[in-house]
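Q: Hi! I'm new to this one and would love a quick tour. Can you show it to me first?

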Amino acid sequence: MVFCAFFIVYHPSYAQSRVDFNIDAMPADQALTLFAKQANTTLLFPYELAAKEQANPLKGEYTVEIGIVLLLEGTKLYPVTDSTGQLSVRAIDVKPSQFAMQTPASNQALQAISDEPRNLTYNEALLETYVEKIAIVGSRATPRNAIDSSVPLDVINIADLSRQGNSDLISMLSKLIPSLNVNDQPINDASTLVRPANLRGMSSDHTLVLVNGKRRHRSAVISFLGGGLSDGAQGPDIAAIPYSGLKQVGVLRDGASAQYGSDAIAGVLNFALKDDDEGGVLETRFGQYYQGDGESFQLAGGMGFSLPNNGFLYLTGEYREQSPTSRSIQREDAAILEAAGVPDVPSPSQLWGTPTVHYDGKFSYNLDIDLSAAHEFYSFANYSKRSVEGGFFYRNPETRSGVNVIDIRQSDTNNDGVIDMQDEVSHFQWLVADLTPDLSGNCPQVTYGVNEVLFNRPEYQQVLNDPNCFAFNELFPGGFTPKFSGDIDDVFWVAGVSGELNNDWQYDVSGIIGYSKISYGLENTLNPSLGTDSPTSFKPGGAVQIEQSLTFDVKKEIELSVGNTLNFAGGFEVRNENYRQVQGDEASYKIGFLAFDPDNLVSQGFSVGSNGFPGYRPETAGSWSRSNWATYVDVEANISNQMSLGMAARYEDFSDFGSTFDGKLSVLLDVSDSVALRASINTGFKAPTVGQSNVINVTTAFGDNGLEDQATLPPTNPISQQLGATALRPEESVNTSFGLVNKFTDNLYLTIDFFHIKLEDRISTTSAIPLRATDIEALNAQGVVDADRFGAAKYFTNDFDTTTKGLDLVLSYLTDWWDGQTQISLNYNWTATEIDRITQYARIDNNGNTFLETNLTPQRIRMIEENIPRHRGNISLSQTFERTNALLRVNYFGEYYEDHLDASAGLDIEAGSEMTVDIEFGYRFNEQLQIMLGANNLLNNSPDNNPHALRAGALYPSTSPMGINGGLYYLRSIYNF
């Protein structure tokens with residue numbers, strides 16, 4: 001049986017006082033709401049079933065216990081009280097085989113109500129199946145369930161969330177929500193460290209994240225390589241939240257900027273923390289992939305404490321480690337070196353797989369305490385610290401420009417009238433450093449063809465044996481693959497006071513601080529310009545994101561007529577954001593003598609900075625801030641017994657780009673007792689982040705001619721402006737949705753929702769734009785002396801408009817099969833995105849002619865439109881008996897497109913659809929201990945093979961939505977106390 005929950009805290013002290021009740025005969029849902037209000041307490045009751053029952057009139061002075069019995073006498077509802085004194089209402093048709101609890105109350109059963117504790121016969125977490133979860137996101141009115149909402153939403157409890165092998169929260173959510181897509185992000189710069197999550201085909205920073213209804217800060221990490229869709233996004237770090245401290249997760253699949261502000265374009269994720277005041281849980285999880293790698297271990301625990309004045313404190317701790325995986329083969333160029341006898345060639349030369357998680361520790365608390373009968377203090381916080389290590393591309397010792405060779409181009413292969421960096425390489429010149437002060441070492445100059453092996457040339461050994469000459473082949477004869485890591489610290493803290501005033505106005509005043517810091521690390525690489533003095537490990541710097549907010553909210557429920565109410569809410573918010581770019585260690589950015597020798601004013605052609613990620617120089621480090629304030633109004637009303645209407649409006653002003661005004665209208669219409677229609681329309685926005693407006697980053701990525709250094713620059717940088725950059729402005733959206741809710745029975749319901757999102761001026765990084773000879777000349781004339789340092793540049797821009805449309809379908813059925821509880825659920829999502837407009841920029845070619853060109857390559861356009869599968873879904877069967885339970889889930893991933901290596905160089909992958917099967921078996925030994933054994937991807941299915949695997953060694957498409965690691969088996973245990 002499915003219940004809707006309306007939470008209010010009842011305390012035994014209420015039993016000793018009498019309340020003057022004045023409640024007429026009316027539907028039980030309305031009567032129980034009035035009962036809770038007049039008693040100044042709160043109840044947990046089945047909203048939908050209560051709406052079908054007629055409550056008795058209750059007038060006069062009674063205790064809460066006696067009053068609720070008289071109110072419900074003769075109905076199919078009855079009150080129960082657990083051992084802690086918490087009062088709730090249940091329905092008679094919940095079978096005793098499902099719960100061992102009190103029989104329906106009557107006037108003769110008052111003693112049983114107050115004294116007999118509720119006792120579950122098996123996993124207490126299964127209570128969440130029968131008591132439907134509160135959805136406190138998307139509405140500031142009375143909490144509601146998923147099928148009574150005027151907008152589409154999902155509510156996921158912690159028991160369902162944990163029934164899988166994944167151990168990080170972001171992967172757990174993606175497993176259960178088909179419209180939320182996350183992939184492994186191997187060798188993808190900072191996106192490997194903080195993976196972007198895409199809801200409804202939108203970028204990762206188009207989803208707002210709340211914790212207990214409060215805005216969570218964004219991560220310091222900007223996804224410079226975000227797999228196309230999230231390129232340039234700066235979203236929140238969901239993985240920093242400990243899943244073991246959660247009670248449930250609310251997923252609002254609708255725009256909500258008019259209610260919550262910037263970023264809520266695709267929807268809202270609200271993480272509700274546990275609020276138990278007693279007991280605790282200890283959970284362990286072990287896992288390993290079928291191939292014998294990726295071993296993971298997780299230990300999590302939480303405990304509740306009762307505090308004076310009806311208070312509680314819930315503490316959570318979580319620790320995780322994970323070994324890396326490799327789904328790689330040897331690259332073709334590395335295999336050629338091995339065959340030629342080149343020593344120390346790594347095999348495989350680079351790893352495609354899950355990165356190493358050296359440690360991942362999280363802590364959270366949730367606290368609430370009464371200041372008086374009508375006012376309470378609350379606070380909650382989350383601290384996370386983790387260290388993740390991935391890798392970069394392999395540096396071939398015979399082709400790596402700026403380290404081992406100088407590229408030589410002798411023909412105009414792209415027919416643009418000039419020979420420059422955009423033409424194909426015809427030869428290499430070996431980079432050999434002359435170590436003598438006057439450059440008199442007579443080091444050989446060796447030029448060789450692109451298909452020739454330098455190691456076989458006689459000059460190779462000559463250089464290695466000459467003390468006056470040096471080449472990095474001496475240190476890394478077989479090449480090298482940098483290791484890229486990040487140490488991530490994340491803090492989220494909230495404190496506030498809430499309560500009710502004498503005029504029935506409820507208020508909430510809170511302060512919020514968010515802090516995210518990442519410190520980058522590089523190993524197994526070098527700064528070529530330093531020559532033999534170069535270290536092989538670096539600290540290239542980091543980034544910090546700090547957000548501070550003050551909020552003031554009020555709300556009031558106004559009775560329009562019997563059964564019809566108006567919920568009014570409004571508020572004010574002030575927020576300050578700060579983004580800092582932290583300078584790297586000197587060796588990571590230093591210009592060594594092999595790049596420029598001040599004594600002889602000669603450059604020997606070696607590149608500058610730690611290879612793979614040059615450190616942030618003092619002139620690129622800095623701190624940038626902005627402030628904003630906002631005010632909103634949110635109104636919801638039951639204008640009749642069949643229709644409810646919601647309206648919201650929000651005005652927000654930013655110090656750096658101006659103001660926005662957004663609105664929302666939603667409606668829920670009951671066509672019959674079992675069928676309802678719902679619809680909404682809203683406008684939204686996403687403000688450009690402070691980081692996007694100011695960050696500078698250089699990374700190594702694949703281009704048309706192989707690896708090249710690509711700079712991501714602020715739109716105010718001279719190089720960006722030479723390429724057409726302008727100041728950033730907000731993204732603007734119009735989001736419409738309409739759907740149908742069909743509750744066939746109390747145990748079977750269906751929701752179907754169609755959505756349409758029109759998003760203009762989307763902020764993203766451009767594709768890598770090659771710097772032509774004319775660009776470099778113009779920049780040199782402006783005094784930009786290092787313009788030729790980069791093969792290409794990117795910048796943040798409002799580059800294109802999109803239309804995203806789709807369909808969400810949810811079917812849930814709860815019944816009793818084989819003398820046990822059975823739940824069947826089907827979730828399906830169809831999402832399609834099309835680019836409607838692309839900004840064109842004026843360019844000047846090498847002959848001085850002006851032409852228009854877009855910043856998006858055809859491949860990048862396809863990545864935005866087709867990299868996420870248009871069709872995705874799952875169907876699950878959960879069966880629970882007295883001591884055992886089992887879960888079977890089948891997942892479907894539609895076909896998708898990948899521009900392999902983000903190269904826009906003809907490495908297209910047209911990947912087909914895939915299915916995976918998950919399974920879990922559990923056994924409860926007693927009331928405290930249960931053990932679960934399961935497998936993700938039971939049949940060890942893999943994505944389609946990568947047709948370009950020899951190019952960079954990736955066996956599978958790296959952006960596969962089903963992952964690239966194959967089957968995972970796991971064992972987990974839960975101990976309740």
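A: Sure! Let's start with a charge and a ring: the charged end of Arg862 sits over the ring of Tyr897, 3.9 Å from its centre. Sitting over a ring means that CZ of Arg or NZ of Lys is within 6 Å of the ring centre and within 35 degrees of the ring normal. The model is predicted, with local features needing pLDDT of at least 70 and side-chain atom pairs pLDDT 80 or more, while totals for chains, interfaces and linings use all residues. Residues are numbered from 1 along each chain as its sequence is written, and side-chain values use heavy atoms, leaving out hydrogens and water.

Q: Nice. What does the charged end of Arg200 sit over?

A: The ring of Phe755, 3.7 Å from its centre.

Q: And ring-to-ring contacts: how many aromatic pairs are there?

A: A search of the whole structure finds 27. Rings of Phe, Tyr and Trp (its six-membered ring) pair if their centres lie within 6.5 Å; planes under 30 degrees apart are stacked, over 60 edge-to-face, and the rest tilted. Phe428 and Tyr448 have ring centres 5.8 Å apart and planes at 45°, so this pair is tilted.

Q: Are those two buried or exposed?

A: Phe428 and Tyr448 are both buried (under 20% relative accessible area; exposed is over 50%, partly exposed in between, with a 1.4 Å probe and protein chains only).

Q: Which residues form an aromatic cluster?

A: Phe392, Phe484, Tyr520, Phe613 and Tyr616 form one together.
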